[in-house]
Amino acid sequence: MKNKLRILSGILLTLILTVFNFLPIKADNTEWIRDDAGLLEQNEIQELNQKAAEISSTYNVGVYIRLENNHDGYSDIEDYAEALYSNESLGLNSEAVMLVITMDDRRYDILAHGDNANAWFTDYGKQEMADEFLPDLSNGDYYGAFDTFLSTCEDYMETVKEGNHPVDTWIPETEEMTPEERADALLHTRLIACGLVSPLIALLICIFIASRNRTSHIKREALDYIGDGLHLTGWQDIFLYQTRSVQHVPKDNDSGHFGGTSTNSGGFSHSSGSF
């Protein structure tokens with residue numbers, strides 16, 4: 001009897017553990033949108049939260065929005081954003097992009113963390129992203145601004161998923177001249193100007209004077225040289241020479257590099273400003 005009870009207890013315990021393994025577990029980092037500043041309606045929060053959850057699940061990068069009244073004692077919004085990330089255990093496998101708003105000073109910060117997130121949301125890309133939602137944010141259309149932020153995040157990550165480069169700026173390679181090299185280049189420019197400009201001005205003056213003294217011009221048609229006593233019933237133009245101009249298209253100069261992303265010691269990158 002005791003053995004049967006032990007067996008039944010073991011089976012029951014196994015069933016309970018199995019059920020718990022399949023139950024969804026709520027974690028802090030699934031709170032994609034939080035409005036502590038009271039800027040959004042409840043239905044707007046729900047719509048944004050659903051959209052952020054779908055984007056985060058698709059690209060395995062947590063996408064968050066935090067709307068706050070102030071920095072909560074932190075010196076700047078960047079430090080406050082990093083504290084929110086760490087204290088709330090945000091990110092999917094440490095990958096996250098987050099928009100933080102503080103209303104007392106009307107500041108925003110776009111934070112990225114993780115190898116993929118920092119690579120996909122470059123310094124230039126985050127600035128371009130801010131340009132997309134800042135007009136609505138400044139005009140008080142908070143739902144429109146945050147919806148644009150989520151859509152832009154999705155566009156950036158889809159760009160990489162399709163095999164393209166992240167949204168970034170291209171910086172061509174240039175050689176920095178020394179002060180001596182710059183002085184030599186300036187001297188050469190002055191010598192060339194003195195050697196070419198003066199003769200060119202003199203040539204233009206001579207051409208002008210010659211054109212004023214010209215009393216006749218070369219006629220354009222052969223018939224113009226034929227007198228009235230000769231009547232032709234037909235004629236044919238025969239071209240002895242042909243002139244062809246060829247324009248060479250220079251090859252693209254691929255020497256350069258993308259701007260990339262600047263991260264701090266904690267692995268965070270930021271782009272912040274006012275609205």
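These exercises work through aromatic pairs, burial and confidence in one predicted model.

Residues are numbered from 1 along each chain as its sequence is written, and side-chain values use heavy atoms, with hydrogens and water left out. In this predicted model, local features need pLDDT of at least 70 and side-chain atom pairs count only at pLDDT 80 or more, while totals for chains, interfaces and linings use all residues.

**Exercise 1.** Classify the ring pair F133 and F149, and place it in the chain.

Solution. Rings of Phe, Tyr and Trp (its six-membered ring) pair if their centres lie within 6.5 Å; planes under 30 degrees apart count as stacked, over 60 as edge-to-face and the rest as tilted. The structure holds 8 aromatic pairs. For F133 and F149 the centres are 6.1 Å apart and the planes stand at 85°, so the pair is edge-to-face. Next, find the elements: helices (H or I, at least four residues) and strands (E, at least two) are DSSP runs, numbered from the N terminus. F133 belongs to helix α5 (residues 123–138) and F149 to helix α6 (residues 142–161), 16 residues apart, and the pair links distant parts of the chain. Finally, Y108 joins F133 and F149 in one aromatic cluster.

**Exercise 2.** Are F133, F149 and G144 buried or exposed?

Solution. Buried means under 20% relative accessible area, exposed over 50%, partly exposed in between (1.4 Å probe, protein chains only). F133 has 1% relative accessibility, so F133 is buried. F149 is at 0% and is therefore buried. G144, which lies in helix α6, is buried because its relative accessible area is 14%. Between G144 and F133 the C-alpha to C-alpha distance is 7.7 Å, with their positions 11 residues apart in sequence counted as their separation.

**Exercise 3.** Classify the pair W170 and F258, then give the accessibility of each residue.

Solution. The ring centres of W170 and F258 lie 5.0 Å apart with planes at 80°, so this pair is edge-to-face. W170 is in strand β5 (residues 170–172) and F258 in strand β6 (residues 256–258), 88 residues apart. W170, at 40% relative accessibility, counts as partly exposed; F258, at 33%, is also partly exposed.

**Exercise 4.** Where does pLDDT stay under 50?

Solution. pLDDT is the predictor's confidence in each residue, from 0 to 100. The chain averages 81, and 66% of the residues score at least 70. Contact means heavy atoms within 4.5 Å. Residues 10–28 stay under 50, with 2 contacts beyond four places in sequence. Residues 244–251 also stay under 50, with 0 such contacts. Where pLDDT is low, the predicted coordinates should not be read in detail.
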